[in-house]
Amino acid sequence: MIRDVKIRAALDEDAKAIHVLTRDAFAPMSFADENDQHLPARLQADGDLTLSLVAVTDKIIGHVAFSPVTIANARGDWYALGPISVLAAHQRQGIGTLLAKTGLAQLRDIGAAGCVLTGNPDVYGPMGFSNDHALTYGGLNPRFISYLTLSGSIPKGEITFAPALQENHT
Ligand SMILES: CC(C)(COP(=O)(O)OP(=O)(O)OC[C@H]1O[C@@H](n2cnc3c(N)ncnc32)[C@H](O)[C@@H]1OP(=O)(O)O)[C@@H](O)C(=O)NCCC(=O)NCCS
């Protein structure tokens, strides 16, 4: 684990650094598209950025966004994790996990039922997310849909993401 990394709420003046970080972290990924780097700003512009956290050493090296979702058959307030980005030079050092867990603790504090995401289950399983194929999102293979329950019950049904993310996944 990298030492002296702090997680804090993103500030307005962090927007450029978050954009560059998201662009550079996603660029090598086979599933990435040009839209990914704009997602944090689009979520914010739409009023859908429930939480925006940065990991900071002497500069910003990681970021995670959380936004509201609806799930057809779930009760309570659910949120999506993403996008999440850590600079390549700092990956696999626990920073993504620290960002996710800090955000999840803050969601718990505001009474969230839980959190869902789409992505590689190998990354999110170790962060505490489960995958039992009960959630759906269009034609996406349910293997790539994960959830973590905070105070609600296990969610089932179709997910509707915030519009910025919905555009990205369909
Ligand atoms: C995904 C991402 C945010 C994870 O951040 P990170 O700081 O590297 O994650 P952590 O160090 O906390 O990793 C936690 C665990 O997740 C798993 N993991 C992380 N990255 C992985 C990868 N690329 N492939 C497989 N497993 C991975 C590992 O089990 C890891 O634990 P380990 O290193 O002890 O084996 C980061 O790799 C990233 O920015 N990737 C590019 C952008 C991206 O893909 N974002 C997510 C889109 S769905």
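Which side chain does the side chain of Ser52 join through a polar contact of 2.8 Å? In this predicted model, the partner is His63. Ser52 is found in strand β2, which covers residues 51-56. The relative accessible area of Ser52 is 15%, and because the cut-off for buried is under 20%, Ser52 counts as buried. Apart from neighbours within four places in sequence, Ser52 is in contact with Arg8, Ala9, Ala10, Ile18, His63 and Val64. Ala164 gives a longer-range reference point: 112 residues separate Ser52 from Ala164 in sequence, and their C-alpha atoms are 15 Å apart in space.

Val64 also appears around Leu81. With residues up to four places away in sequence not counted, Leu81 touches Val64, Ala65, Phe66, Ala100, Cys115, Val116, Leu117, Tyr124 and Phe129. Leu81 belongs to the largest nonpolar core, a set of 30 residues. Within this core, the residues that touch the most other members are Phe66, Leu81, Leu99, Leu107 and Phe129. At least two core residues come from each of α1, β2, β3 (60-71), β4 (78-86), α3 (95-109) and β5 (114-118). There is a second core, separate from this one, with 18 residues, including Leu39, Ala80, Ala113 and Leu165. In soluble globular proteins, nonpolar side chains tend to be buried together.

The strands can be followed next through β8, which spans residues 157-160. β8 pairs with β3 in the antiparallel sense, over two bridges. Here Ile71 is placed opposite Ile159 of β8. β8 also pairs with β6, in this case in the parallel sense and again over two bridges. The bridge partner of Leu135 is Gly157 in β8.

Several backbone features deserve a separate look. The peptide bond that runs from Gly82 to Pro83 is cis, with omega near -5°. Pro83 is found in strand β4. After β4, in the loop that leads to α3, comes Arg92. Arg92 is not a glycine, but its phi is positive, at about 60°. The relative accessible area of Arg92 is 86%, so Arg92 is exposed. His133 is another residue other than glycine with a positive phi, near 65°. The loop that holds His133 lies between α4 (121-124) and β6 (135-136). His133 counts as partly exposed because its relative accessibility is 49%.

The last stop is a charged residue. Where is Asp36 placed, and is Asp36 buried or exposed? Asp36 sits in the loop between α1 (15-26) and α2 (39-45), and Asp36 is buried. Which side chain of opposite charge is nearest to Asp36? The answer is Arg42, 8.5 Å away. A salt bridge requires a side-chain nitrogen of Lys or Arg within 4 Å of a carboxyl oxygen, so a separation beyond that cut-off does not qualify. Accordingly, Asp36 has no salt bridge. A polar atom of the Asp36 side chain does, however, lie 2.8 Å from the backbone nitrogen of Asp33.

How values were computed:
Residues are numbered from 1 along each chain as its sequence is written. This is a predicted model: local features need pLDDT of at least 70, side-chain atom pairs count only at pLDDT 80 or more; totals for chains, interfaces and linings use all residues. Side-chain values use heavy atoms; hydrogens and water are left out. Helices (H or I, at least four residues) and strands (E, at least two) are DSSP runs, numbered from the N terminus. Buried means under 20% relative accessible area, exposed over 50%, partly exposed in between (1.4 Å probe, protein chains only). Lys and Arg count as positive and Asp and Glu as negative; His and the chain ends are not counted. A polar contact is a pair of N or O atoms within 3.5 Å; within protein, one must be able to donate a hydrogen and the other to accept it, and residues adjacent in sequence count only if both atoms are side-chain atoms. A nonpolar core is a set of buried Ala, Val, Leu, Ile, Met, Phe, Trp, Tyr and Cys residues joined through side-chain atoms within 4.5 Å. Contact means heavy atoms within 4.5 Å. Two strands pair if DSSP finds at least two bridges between them.
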